[in-house]
Amino acid sequence: MFITFEGIDGCGKSTQARMLAQTLREAGHDVVLTREPGGSPGAEEIRELLLRGDPDRWSAETEILLFTAARRDHLERVIAPALAAGRVVVCDRFADSTRVYQGLSRGDLRGLVDQLHALMIGREPDLTFIIDMDPETALARARERGGGEARFEDFGADLQRRMRAGFLALAREFSGRCRVLDGSRAPQEVAREAAALALAALPAAEAGR
Ligand code: TYD
């Protein structure tokens with residue numbers, strides 16, 4: 001089963017991905033916890049190209065190609081082999097991030113993102129948690145955490161508001177696999193809800209194999 005976490009910067013999805021992986025392991029599942037951009041050695045190198053340096057370093061189109069190249073490597077080398085071996089993959093961000101960030105941030109490029117996804121990735125998660133949260137709070141959290149990877153966080157609160165709306169629209173578009181979690185609650189509470197939903201979905205996914 002392939003599970004992803006999505007949401008705006010600072011929404012707490014990395015923490016939630018970690019907590020869910022832990023809970024699923026405790027329940028006896030063989031879990032691979034991974035992230036994007038990155039998740040494989042090649043994709044981690046592409047991550048450096050994407051998240052460091054001048055924010056205008058890449059055109060919107062080049063950026064989509066780089067995220068997709070990183071995703072293809074990650075899928076080929078980490079995600080697909082793990083799923084084929086019957087493991088559960090928990091991934092911090094996947095294609096929905098490209099749909100929202102690259103699809104919305106610099107004009108309407110969603111069509112291009114989708115075409116490239118169909119051509120090069122062609123895989124959707126079985127279950128996606130979208131952590132919904134007020135961008136002001138999320139941005140403050142992301143800034144507090146610091147680090148050099150401020151590229152997208154620097155876009156500011158207004159863009160993050162559009163991203164939030166974008167993620168909620170995706171949740172409606174892919175309502176079969178997406179579950180929206182209220183990220184303003186205590187992390188433990190969010191984690192409990194995510195774990196209950198994932199554990200309920202897992203037997204069906206395993207029976208279907
Ligand atoms: P991430 O490491 O998840 O940062 P955070 O933990 O702060 O949420 O992602 C880094 C940045 O990359 C984040 O601002 C979102 C952006 N991003 C895209 O723009 N497109 C993508 O396809 C992905 C996977 C991430």
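## Exercises on a predicted model

At 9% relative accessibility, Thr34 is classed as buried. The structure used throughout is a predicted model.

**Exercise 1.** Place Thr34 in its secondary structure element and state which residues it contacts beyond its neighbours within four places in sequence.

*Solution.*
Step 1. Thr34 belongs to strand 2, which spans residues 31-35.
Step 2. Buried means under 20% relative accessible area. Thr34 has 9%, so it falls in the buried class.
Step 3. With neighbours up to four places away in sequence set aside, the contacts of Thr34 are Gly39, His74, Val78, Val89, Val90, Cys91 and Asp92.
Step 4. His74 also takes part in a polar contact: its side chain and that of Thr34 approach to 2.7 Å.

**Exercise 2.** Decide whether Gly12 is buried, partly exposed or exposed, and find what it touches away from its own stretch of sequence.

*Solution.*
Step 1. Gly12 sits in the loop that links strand 1 (2-6) to helix 1.
Step 2. The partly exposed class lies between the 20% limit for buried and the 50% limit for exposed. Gly12 has 22% relative accessibility, and therefore counts as partly exposed.
Step 3. Not counting residues up to four places away in sequence, Gly12 touches Ile131 and Arg141.
Step 4. Ala138 is 126 residues from Gly12 in sequence, yet the two C-alpha atoms are 8.0 Å apart in space.

**Exercise 3.** Describe the surroundings of the ligand: the residues of the shell, their polar contacts with the ligand, and the elements that supply them.

*Solution.*
Step 1. The ligand is surrounded by 17 residues, and the closest are Asp9, Arg93, Thr98, Gln102 and Arg145.
Step 2. By class, the shell holds 5 nonpolar, 4 polar and 8 charged residues.
Step 3. Look for N or O atoms of side chains within 3.5 Å of the ligand. A polar side-chain atom of Thr98 is 2.5 Å from a ligand oxygen. For Asp9, the distance from a side-chain N or O atom to an oxygen atom of the ligand is 2.6 Å. For Arg47, the corresponding distance to a ligand oxygen is 2.8 Å.
Step 4. On its own the ligand has 550 Å² of accessible area, of which the protein covers 94%.
Step 5. Two or more shell residues come from each of helix 1 (13-26), helix 2 (41-51), helix 3 (60-84) and helix 4 (95-104). Helix 4 gives the largest share, 4 residues.

Technical notes:
Residues numbered from 1 in each chain as written. Predicted model: local features only at pLDDT ≥ 70, side-chain atom pairs only at ≥ 80, totals over all residues. Heavy atoms only, no water. Near = heavy atom within 4 Å. Polar contact = N/O pair within 3.5 Å; in protein donor to acceptor, adjacent residues only side chain to side chain. Areas by Shrake-Rupley, 256 points an atom, 1.4 Å probe, with all protein chains shown as cover. Nonpolar A, V, L, I, M, F, W, Y, C, P; charged D, E, K, R; others polar. Buried < 20%, exposed > 50% of the residue type's maximum accessible area, 1.4 Å probe, protein only. Contact = heavy atoms within 4.5 Å.
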